[in-house]
Amino acid sequence: TEVAIGRGAHYEPTGNFPPQGNSMKDLVFPNPVSGRISVPQYTDYLNYEIVEMNGSSMAGGSMEESIDIKGLTSGLYILKLSKKAGGTSIAQIIIN
(Lines give C-alpha, C1' and ligand atoms only; values in the text may rest on other atoms or scores of the structure.)
Protein backbone atom coordinates (compact mmCIF):
# COMPACT_ATOMS: atom_id res chain seq x y z
CA THR A 1 0.00 0.00 0.00
CA GLU A 2 1.27 3.48 -0.90
CA VAL A 3 0.09 6.78 0.51
CA ALA A 4 1.10 9.98 -1.27
CA ILE A 5 2.48 12.58 1.10
CA GLY A 6 3.84 16.02 0.36
CA ARG A 7 5.15 16.74 -3.11
CA GLY A 8 4.50 13.35 -4.68
CA ALA A 9 6.81 11.27 -2.50
CA HIS A 10 5.51 7.88 -1.47
CA TYR A 11 5.50 6.36 1.97
CA GLU A 12 5.98 2.62 2.27
CA PRO A 13 4.69 1.29 5.62
CA THR A 14 7.95 -0.62 6.10
CA GLY A 15 10.11 2.42 5.28
CA ASN A 16 11.01 5.60 7.11
CA PHE A 17 8.26 8.04 7.92
CA PRO A 18 8.26 10.68 6.64
CA PRO A 19 10.41 9.82 3.61
CA GLN A 20 13.85 11.40 3.77
CA GLY A 21 13.86 14.95 2.42
CA ASN A 22 10.10 15.21 2.66
CA SER A 23 7.72 15.91 5.48
CA MET A 24 4.09 16.77 6.05
CA LYS A 25 5.29 20.34 6.59
CA ASP A 26 6.07 20.38 2.86
CA LEU A 27 2.36 19.81 2.19
CA VAL A 28 0.66 22.12 4.73
CA PHE A 29 1.60 24.55 7.47
CA PRO A 30 1.27 25.49 10.25
CA ASN A 31 0.52 22.16 11.85
CA PRO A 32 -0.95 22.28 14.52
CA VAL A 33 -3.25 24.98 13.17
CA SER A 34 -5.95 27.23 14.59
CA GLY A 35 -7.09 29.49 11.74
CA ARG A 36 -6.02 28.79 8.17
CA ILE A 37 -3.85 26.05 6.66
CA SER A 38 -1.45 27.20 3.94
CA VAL A 39 -0.77 24.87 1.01
CA PRO A 40 2.46 26.03 -0.69
CA GLN A 41 1.93 23.94 -3.83
CA TYR A 42 -1.81 24.65 -4.04
CA THR A 43 -1.71 25.08 -7.84
CA ASP A 44 -0.93 21.33 -8.10
CA TYR A 45 -4.34 20.46 -6.62
CA LEU A 46 -7.98 20.71 -7.72
CA ASN A 47 -9.85 20.41 -4.43
CA TYR A 48 -9.57 19.42 -0.79
CA GLU A 49 -11.50 17.47 1.81
CA ILE A 50 -11.06 17.47 5.59
CA VAL A 51 -12.13 14.21 7.21
CA GLU A 52 -12.53 13.25 10.87
CA MET A 53 -10.73 10.14 12.06
CA ASN A 54 -14.06 8.26 12.00
CA GLY A 55 -14.35 8.95 8.25
CA SER A 56 -16.92 11.76 8.39
CA SER A 57 -16.32 14.52 5.85
CA MET A 58 -16.21 17.85 7.70
CA ALA A 59 -15.25 20.37 5.00
CA GLY A 60 -14.21 20.53 1.38
CA GLY A 61 -14.09 22.66 -1.70
CA SER A 62 -12.02 24.03 -4.55
CA MET A 63 -8.33 24.40 -3.84
CA GLU A 64 -7.02 27.79 -2.74
CA GLU A 65 -3.69 28.97 -1.35
CA SER A 66 -5.03 28.53 2.17
CA ILE A 67 -7.93 26.66 3.75
CA ASP A 68 -10.13 28.16 6.47
CA ILE A 69 -10.61 25.67 9.32
CA LYS A 70 -12.06 28.05 11.92
CA GLY A 71 -15.41 26.23 11.99
CA LEU A 72 -13.88 22.88 13.00
CA THR A 73 -13.50 21.70 16.60
CA SER A 74 -10.11 20.83 18.09
CA GLY A 75 -8.79 17.41 17.18
CA LEU A 76 -6.94 15.23 14.69
CA TYR A 77 -8.13 15.26 11.07
CA ILE A 78 -7.06 13.96 7.67
CA LEU A 79 -6.56 16.48 4.86
CA LYS A 80 -7.03 15.00 1.37
CA LEU A 81 -5.82 17.03 -1.60
CA SER A 82 -6.86 15.84 -5.08
CA LYS A 83 -4.02 16.35 -7.57
CA LYS A 84 -4.62 17.84 -11.02
CA ALA A 85 -2.36 15.13 -12.46
CA GLY A 86 -4.40 12.41 -10.73
CA GLY A 87 -4.05 10.85 -7.30
CA THR A 88 -4.39 12.23 -3.81
CA SER A 89 -1.99 13.70 -1.26
CA ILE A 90 -2.88 13.02 2.35
CA ALA A 91 -1.70 14.62 5.60
CA GLN A 92 -2.76 14.49 9.22
CA ILE A 93 -3.56 17.89 10.65
CA ILE A 94 -4.03 18.88 14.26
CA ILE A 95 -6.54 21.63 14.92
CA ASN A 96 -6.13 23.57 18.18
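**Close-up views of strand β8 and its surroundings**

**View 1. The hairpin of β7 and β8.** In this predicted model, strands β7 and β8 form a hairpin in which four residues lie between the two strands, and Gly86, located in the turn, has a positive phi of about 100 degrees. Strand β7, which covers residues 75-83, pairs with β8 in the antiparallel sense over eight bridges. Within this pairing, Leu76 stands opposite Ile94 of β8.

**View 2. The two faces of β8.** The side chains alternate along β8, so that Ser89, Ala91, Ile93 and Ile95 point to one face and are buried, while Thr88, Ile90, Gln92 and Ile94 point to the other face and are not buried.

**View 3. The surroundings of Ser89.** Ser89 belongs to strand β8, which spans residues 88-95, and this residue counts as buried because its relative accessibility is 0%, where buried means under 20%. The side chain of Ser89 makes a polar contact with the side chain of Tyr45, at 3.2 Å. Another residue to find in this view is Tyr48, which is 41 residues apart from Ser89 along the chain, with a separation of 9.5 Å between the C-alpha atoms of the two residues.

Note on methods: Residues are numbered from 1 along each chain as its sequence is written. This is a predicted model: local features need pLDDT of at least 70, side-chain atom pairs count only at pLDDT 80 or more; totals for chains, interfaces and linings use all residues. Side-chain values use heavy atoms; hydrogens and water are left out. Buried means under 20% relative accessible area, exposed over 50%, partly exposed in between (1.4 Å probe, protein chains only). A polar contact is a pair of N or O atoms within 3.5 Å; within protein, one must be able to donate a hydrogen and the other to accept it, and residues adjacent in sequence count only if both atoms are side-chain atoms. Two strands pair if DSSP finds at least two bridges between them.
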